[in-house]
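The exercises below are meant to be worked through with the sequence and the structure side by side. Try each task before reading its solution.

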Amino acid sequence: MATWLTTPLESDESGKLIMGTVRKDVDKFRSTGKFKYRVVAIWSYEAADKGMPSESDAEMMEKFQETVEQVFAKDPVAVLTGVFTGEGARDFEFYTLSLHIFQRKFNEAVADFPMLPLSFVAEEDEEWSQYAGALALAEKDDESE
């Protein structure tokens, strides 16, 4: 079972609340040096209270996340490393071996869902610098509690 840290963060753009959840147990992926691509699936939604999704949107996002995690657990070509929610978007951050294979497996995972309001950003991040920064913030907040 995955180990996660959840912490409130501040948006770089507006200073508003973003809830960040970062996975801690990713060393087996990170240490291989093969998971060098970072992919962010951005789910846009109409913000409800304090920039968070409505209850129905949140439920659909949970189902989506569970489904995608199951697909990548069976065929570990990617790992979900973080989920960040606020200001009308939930970002699902992955690291993957291959952008092409990620796209194919991701599409398999969401095949039974209705059309989802997703956009994607992909970049090479061999050092996992984005992940390391998010983890450091989450661990700092966890230690202060």
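The model is predicted.

**Exercise 1.** Find helix 2 and determine which strands it lies across.

*Solution.* Begin by locating helix 2 at residues 55-74, and then follow it over strand 1, strand 3, strand 4 (78-86), strand 5 (89-96) and strand 6, all of which it lies across. As a next step, compare directions: helix 2 runs at about 5° to strand 5.

**Exercise 2.** Work out the order of the strands in the open sheet, and explain why strand 1 and strand 6 each have one side without a neighbour.

*Solution.* Reading across the open sheet, the 6 strands follow the order 1-2-4-5-3-6, and their pairing is antiparallel. Strand 1 (4-10) and strand 6 (118-124) stand at the edges with a single partner strand each, and therefore one side of each has no neighbour in the sheet. On average, neighbouring strands of this sheet are turned by 20° against each other, direction ignored. For a closer look at one edge, take strand 3 (residues 37-44), which is joined to the antiparallel strand 6 by 7 bridges; in one of the pairs, R38 has E123 in strand 6 as its bridge partner.

**Exercise 3.** Decide for K16 and for G51 whether the residue is buried or exposed.

*Solution.* K16, in the loop between strand 1 and strand 2 (17-23), has a relative accessible area of 53%. Since exposed means over 50%, K16 is exposed. Leaving out residues up to four places away in sequence, K16 touches L9, E10, S11 and E87, and although K16 and E87 are 71 residues apart along the chain, their C-alpha atoms are separated by 7.5 Å.

G51, in the loop between strand 3 and helix 2, has a relative accessible area of 14%. Since buried means under 20%, G51 is buried. Beyond its neighbours within four places in sequence, G51 is in contact with Y45, G86, E87 and G88.

**Exercise 4.** Describe the lining of the largest pocket and that of the second largest pocket.

*Solution.* Start with the largest pocket, which holds about 590 Å³ of space and is lined by 21 residues, with D12, I18, F84, D91 and E93 nearest its centre. Helix 4 gives the most to this lining, with 4 residues, and by class the lining has 9 nonpolar, 5 polar and 7 charged residues.

Then turn to the second largest pocket, with about 310 Å³ of space, where A2, R23, E69, A73 and V79 are the closest to the centre among the 15 lining residues. Helix 2 supplies the largest share of this lining, 4 residues, and the classes are 12 nonpolar, no polar and 3 charged.

Notes:
Residues numbered from 1 in each chain as written. Predicted model: local features only at pLDDT ≥ 70, side-chain atom pairs only at ≥ 80, totals over all residues. Heavy atoms only, no water. Pairing = 2+ DSSP bridges. Helix = DSSP H or I, 4+ residues; strand = E, 2+ residues; numbered from the N terminus. Axes fitted to C-alpha atoms, helices over the stretch in contact; angles between N-to-C directions. Contact = heavy atoms within 4.5 Å. Buried < 20%, exposed > 50% of the residue type's maximum accessible area, 1.4 Å probe, protein only. 1 Å grid on protein atoms, 1.4 Å probe; cavity = no way out; pocket = protein on both sides within 12 Å on 5 of 7 lines; lining within 4 Å. Points joined across faces, edges and corners; volume = space filled by probe spheres on them. Nonpolar A, V, L, I, M, F, W, Y, C, P; charged D, E, K, R; others polar.
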